[in-house]
Amino acid sequence: MVSMDMNDLDNKEYYKIKVRDFNLEEVLTCGQCFNFMELDKDFFQVIAKGKVLRIRQEEDSLIFYDTTKDEYERIWKDYFDLARDYGEIKSAIIKTSPELENVIREHSGIRILNQDFFETLISFIISQNKQIPQIKQVVRNLSEMYGTKVSDSVYLFPTVKELSENATDEGIRECKAGFRAPYILDAINKVAAGDVDEEALKHASTEEAKESLLSIKGVGEKVANCVLLFGLGRRESFPVDVWMKRIMENMYFHKDTPKEVIMDFAKEKFGDYAGYAQQYLFIYAKENKTL
DNA sequence: TCCCAGGTAGATC
DNA sequence: GATCTACATGGG
């Protein structure tokens, strides 16, 4: 927690909206993004889209500080997926999978963010074999070493250009990325060279986009699916990590089951809603101490 | 000291 | 193909 001078906030411009099916704390802490900090209860600093946002939830209101209506419409409405009707999504999942009704009701404010493609790619390459607090630390280290400084101790996540011009294996290792350093460099190089092209991926089929992502060293099936889901809006993607494997085995298979089998099952069962279902299941797994 | 973490590449069979 | 292991780093 970092204490805030509330008078500092009162003097500045803010934009306030009503929301439903939205819980800021859960949206940020459910494991889909790593570049945020809790300032106070229901009050966060989020670094995304080349901006530093301070945002607070008060019951069914979201307050975006230092934000104009225009900026909200251009950036944050999409980032927080606020144009989408999650009531409909939740009903659809419960209808085909009533066993998820409880976890969905208990976490009814979850949303899938629409994050920056490149940051999502680098972040989930870092995520392999790391715990969430450590992933956040490496993201912060990379930002401080290579990103643009916004204010005291606040740095944006570095752009493709900043990283391709300045990043080295040694530098990335200094950020505590460890054995992932060459993976991160390969991702930077392929994106900078246009071998992996965000615009092309956005227009490609999900399978084609995945194939392109898999050409990057250090990107396998799980990381590719996370990038598709969180960074390219492919809501049918279903990343299977250790937690998902545990909860899916516990709920549906009752025995050790290969990830490929789990993915096929999820695709069949959840269809276009697989990505949302995955996020509810992931939370369910994380809070289930018996797994 | 050992084991695990939002995995993956490379070796080996 | 299907398994086995090394890979940095930090925490329980």
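This is a selection-by-selection tour of a predicted model of chain A with DNA strands B and C.

**Domains**

Begin by colouring chain A by its domain assignment, which gives domain 1 at 14-83, domain 2 at 117-231 and domain 3 at 242-287. Between the C-alpha centres of domain 2 and domain 3 the distance is 25 Å.

**Helix α13**

Next, select residues 221-231, which form helix α13. This helix is mostly covered, with 9 of its 11 residues buried. Show side chains for the buried set: Val223, Ala224, Asn225, Cys226, Val227, Leu228, Leu229, Phe230 and Gly231. To see what covers these buried residues, add α6 (117-126), α12 (206-214) and α16 (274-287), which are among the covering elements. Then step just past the end of α13 to glycine 233, where phi is positive at about 70°.

**DNA strand B**

Keep α13 on display and bring in DNA strand B. Which residues come nearest to this strand? Of the 22 residues around DNA strand B, they are Gly31, Gln128, Gln131, Gly220 and Val223. Two or more residues each are given to this surface by α13, α14 (242-253) and α16. Val223 is thus a residue to centre on: it is buried in α13 and is also listed among those nearest to DNA strand B. Colour the surface near strand B by class, and it divides into 8 nonpolar, 9 polar and 5 charged residues.

**DNA strand C**

Switch to DNA strand C. Around it, select Asn129, Gln134, Arg173, Lys176, Gly178 and Phe179. By class, the surface near strand C has 1 nonpolar, 3 polar and 2 charged residues.

**Lysine 176**

From the strand C selection, zoom in on Lys176. Lysine 176 sits in the loop between α9 (169-174) and α10 (181-193). Its phi is near 70°, a positive value in a residue other than glycine. Is lysine 176 exposed, partly exposed or buried? Lysine 176 counts as partly exposed because it has 16 C-beta neighbours inside 10 Å.

**Glutamate 59**

For the last stop, select glutamate 59, in the loop between β4 (51-58) and β5 (61-65). Glutamate 59 is not a glycine, yet its phi is positive, at about 50°. Why does this residue count as exposed? Glutamate 59 has 7 C-beta neighbours inside 10 Å, and therefore counts as exposed.

Conventions:
Residues numbered from 1 in each chain as written. Chains lettered and ligands numbered in written order. Predicted model: local features only at pLDDT ≥ 70, side-chain atom pairs only at ≥ 80, totals over all residues. Near = placed C-beta within 6 Å. Nonpolar A, V, L, I, M, F, W, Y, C, P; charged D, E, K, R; others polar. Domains from an automatic or database assignment. Buried ≥ 20, exposed ≤ 12 C-beta atoms within 10 Å, placed from the backbone. Helix = DSSP H or I, 4+ residues; strand = E, 2+ residues; numbered from the N terminus. Contact = placed C-beta atoms within 7 Å.
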